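Visitor: Please take me through one part of this model closely, and then follow the connections outward from there. I would like the burial and the contacts spelled out.

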Amino acid sequence: MTRNKEQYPLFVDLDGTLIYTDLLFEVCIKFLKQNPFCIFLLISWLIKGKANLKQKLAERVDINAATLPYNQGFLGFLKEQHEQGRKLYLATASHQIYADAIAEYLGIFDGVLATSATFNMKGENKLKHCLEVSPNFAYAGNETFDFCIFAKADESFLVNPTAGALRLSKKHPVTRVFETNVNKPKIILKAMRVHQWLKNMLIFVPVFVSSLYLEPAVWGDAIVGFLLFSLLASATYLLNDLLDIEADRSHPRKCLRPIPSGMLSIKHAVLLAMGLFLVTLVGALLFTNLAFQLSILAYLVLTLLYTFVLKAYVIADVISLASLFTIRIIAGAMVIGVILSFWLLAFSMFTFFSLALVKRCAELKLLSKVNKDKATGRDYQVDDYYLMQSFGVTSAFISLLLMAFYVQVSMAGEDYSTPVLLWATLPAFAYWFLRMWLKTNRGEMHDDPIVFSMKNKGSLVTIGFILVITLLAKLI
C-alpha cells in the first residue's frame with residue numbers, strides 16, 4: 001500500500017529557512033562582543049572543525065529562542081501540518097543545544113537532528129540522518145547545498161531561497177517555493193540609515209558661521225568631509241546593530257530594523273560594513289588634510305568605545321553621543337581650516353547632551369508603556385526618567401545661556417554684518433528645546449530626536465527660521 005505524501009515526515013532546516021538569520025554568525029558576534037580579541041580563539045576552534053567551533057560556542061553563548069526572527073509565513077504552514085498530524089523534525093547544522101531550545105519554544109517538532117561536538121549536520125550528513133529516520137520524507141531548505149537532499153526527498157520545499165538556490169530550482173524543480181519578497185536596495189539603504197546622514201550636516205556649521213561661506217572651494221571641501229563622515233557613520237551603525245542584535249529584538253521599534261529582523265543577513269551586513277570602512281579610509285587618506293583625518297580617527301575611536309564599552313554605562317553613553325555630535329562640528333572646522341569659538345563649542349556640547357538625554361528619556365517612556373522596568377543592554381531603569389529629564393532640561397537652558405554669550409561676543413566681532421539679528425534666534429532655540437522635551441514627556445518623541453526634528457513640521461519651521469536669521473545676520 002502506497003503511503004500518502006502528507007504522512008511523510010517533514011524535515012525542516014533552521015538557518016535561513018525557519019528563521020531569517022544564521023545562528024553560527026549570530027553567536028560568533030555575541031561571543032566577540034564580550035572581547036573582540038577572542039577572534040583568535042574562534043580561529044583556533046575552527047581549525048579543529050566546524051563541529052568543534054559550534055560546540056565551544058554553545059558552551060559559552062546562550063540564545064533567546066523567543067526573540068529570533070522566525071519566517072512567520074512558513075511557520076504558519078508548519079503549524080497547519082502539525083495540526084493535521086504530520087510528523088515534523090528540525091534538521092539543522094546549528095548546535096543541538098540551540099536546536100532543542102527552539103524546538104521546545106515552538107512546540108511543533110517531534111524530533112531534532114542537529115550538530116554535536118563531533119558531527120556537523122549539513123549536506124550529505126543531514127541526508128544520511130534523515131534517511132535513517134524514514135526512507136520516505138519531505139524536506140524544507142533554502143541553500144544550494146540543500147538540493148542534494150531535495151534530490152532524495154519525496155516532497156521538496158524551497159523556503160526564503162538564496163539567489164543561487166532560486167536559479168538552481170529552475171533546472172531542478174521543487175514541490176513548492178516559499179519566497180520572501182524583499183527590496184534589497186531599500187533594505188541596504190535602511191540598514192545604512194541614510195536618513196541619519198542629516199546629522200552630518202553639522203559639518204557645514206563652521207562654513208555658515210565663518211567668513212568663508214561665499215568661497216566655492218570651501219563648500220567643496222565641506223561636501224567631501226560630509227560624504228566621508230556619512231559613509232563612516234553608516235559603517236558604525238551597521239556594527240552597532242550587529243552587536244545590539246539581541247537587545248534590539250526586544251525593543252518594540254528597533255526589532256524592525258533590517259539586521260535584527262533578519263531582512264539583511266549578518267554575513268552581508270559584515271561585508272557591507274567592511275566595505276564602507278575601507279572606502280572611508282581610502283577617501284580620508286586621499287584627502288590630504290591631517291587635522292580632518294585626526295577628527296575622523298577621533299570619531300571612529302569614540303564610536304568603537306561607545307559600541308563596545310560606554311553604551312552599557314549610565315550617563316557615560318549620553319556624554320559619548322554628545323561628543324560624537326560635537327566632533328562633527330570640529331571636523332567641519334578642520335576641513336575648511338578655521339578655529340571655532342569657545343562659546344560655539346560649549347553650546348554644541350550642552351545642546352547635544354540635552355538631545356542625547358531626549359533619546360534616552362524617549363526610550364524609557366516607551367518601556368513604561370509596554371510595562372518593562374529596565375532597558376535591555378543599557379544601565380537604565382524606567383524610574384530614572386524624571387532625573388534624566390531634569391538633567392536634559394537643565395542642559396537645554398545652559399545651551400541657551402551660552403548662545404546668549406555667543407551673540408554678545410559676536411556684537412564686537414566682524415563675523416556678522418548685523419549681529420544684533422542673532423538675538424532673534426534665542427526665543428526660537430528656546431521654543432525648539434522646550435517643545436522637544438514636551439513631546440518626550442507626552443511619549444510622542446521618536447527614538448532619535450534628530451530624525452524627529454527633520455520630520456516634524458514645527459521643528460522644521462523653527463530650524464528654518466534660525467538658519468534664515470543667521471544668514472541675514474551675515475549678509476545684511
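Guide: Val309 sits in the loop that runs between α15 (290-308) and α16 (316-336). This is a predicted model, and the values below are computed from it. The relative accessibility of Val309 is 39%, so this residue counts as partly exposed, since that class runs from 20% to 50%. Val309 contributes to a nonpolar surface patch of about 740 Å². The other members of the patch are Leu290, Leu294, Leu297, Val301, Leu305, Phe308 and Tyr313.

The loop between α15 and α16 also holds Lys311, whose salt-bridge partner is Asp244. In this pair the closest N and O atoms are 2.5 Å apart. Asp244 is in the loop between α11 (216-243) and α12 (245-249), and 67 residues separate it from Lys311, so the pair links distant parts of the chain. Lys311 has a relative accessible area of 4% and is therefore buried. Asp244 counts as buried too, because its relative accessibility is 5%. The loop thus holds a partly exposed residue, Val309, and a buried one, Lys311.

Side chains of opposite charge can pair when their charged atoms come close. In this model the count comes to 15 salt bridges. Another of them joins Lys126 to Asp13, with 3.1 Å between the closest N and O atoms. Here again distant parts of the chain are linked: Lys126 belongs to helix α6 (residues 124-133), Asp13 to the loop between β1 (10-12) and α1, and the two are 113 residues apart. Both Lys126 and Asp13 are buried.

A salt bridge within one helix is formed by Glu363 and Arg360, at 3.2 Å from N to O. Both residues lie in helix α17 (residues 342-369), three residues apart, which is about one turn of the helix. Glu363 counts as buried because its relative accessibility is 7%. Arg360 is at 1%, so it counts as buried as well. Elsewhere, salt bridges with shared partners join Arg193, Asp241, Asp248 and Arg257 into one network.

Arg193, from that network, also has a backbone feature to note. Most residues other than glycine have a negative phi. The phi of Arg193, however, is positive, near 55°. Arg193 is in the loop between α9 (184-191) and α10 (205-209), and it counts as buried because its relative accessibility is 9%. Asn160 is another residue that is not a glycine but has a positive phi, of about 45°. Its place is the loop between β5 (155-159) and α8 (163-171).

From β5 the strand pairing can be followed back. β5 pairs with β4 in the parallel sense over four bridges, and Phe157 in β5 is the bridge partner of Ala140. Strand β4 (residues 138-141) is covered on both faces. Ala138 and Ala140 are buried on one side, and Tyr139 and Gly141 are buried on the other. β4 also pairs with β1, again in the parallel sense, over three bridges. There Ala138 in β4 is the bridge partner of Leu10.

β1 pairs with β2 as well, over three parallel bridges, and Phe11 has Tyr89 in β2 as its bridge partner. Strand β2 (residues 88-95) is mostly covered, with eight of its eight residues buried. Four bridges join β2 to strand β3 (residues 111-115), and these two strands run parallel. Ala91 stands opposite Leu113 in β3.

The loop that holds Asp13 lies between β1 and α1, which leads to that helix. Helix α1 (residues 23-34) has 12 residues. From its first C-alpha to its last it reaches 17 Å, close to the 16 Å expected at 1.5 Å a residue. At the start of α1, a side-chain oxygen of Asp22 comes to within 3.0 Å of the backbone nitrogen of Leu24. Leu24 is one of the buried residues of α1, along with Leu23, Glu26, Val27, Cys28, Ile29 and Phe31.

Conventions. Residues are numbered from 1 along each chain as its sequence is written. This is a predicted model: local features need pLDDT of at least 70, side-chain atom pairs count only at pLDDT 80 or more; totals for chains, interfaces and linings use all residues. Side-chain values use heavy atoms; hydrogens and water are left out. The expected span of a helix is 1.5 Å times one less than its number of residues. Buried means under 20% relative accessible area, exposed over 50%, partly exposed in between (1.4 Å probe, protein chains only). A polar contact is a pair of N or O atoms within 3.5 Å; within protein, one must be able to donate a hydrogen and the other to accept it, and residues adjacent in sequence count only if both atoms are side-chain atoms. Patches are made of residues with over 30% relative accessible area and no salt bridge: like charges are joined within 9 Å, nonpolar side chains (Val, Leu, Ile, Met, Phe, Trp, Tyr) within 5 Å. Accessible areas come from the Shrake-Rupley method with a 1.4 Å probe; for residues, only the protein chains shown count as cover. A salt bridge is a side-chain nitrogen of Lys or Arg within 4 Å of a carboxyl oxygen of Asp or Glu. Two strands pair if DSSP finds at least two bridges between them.
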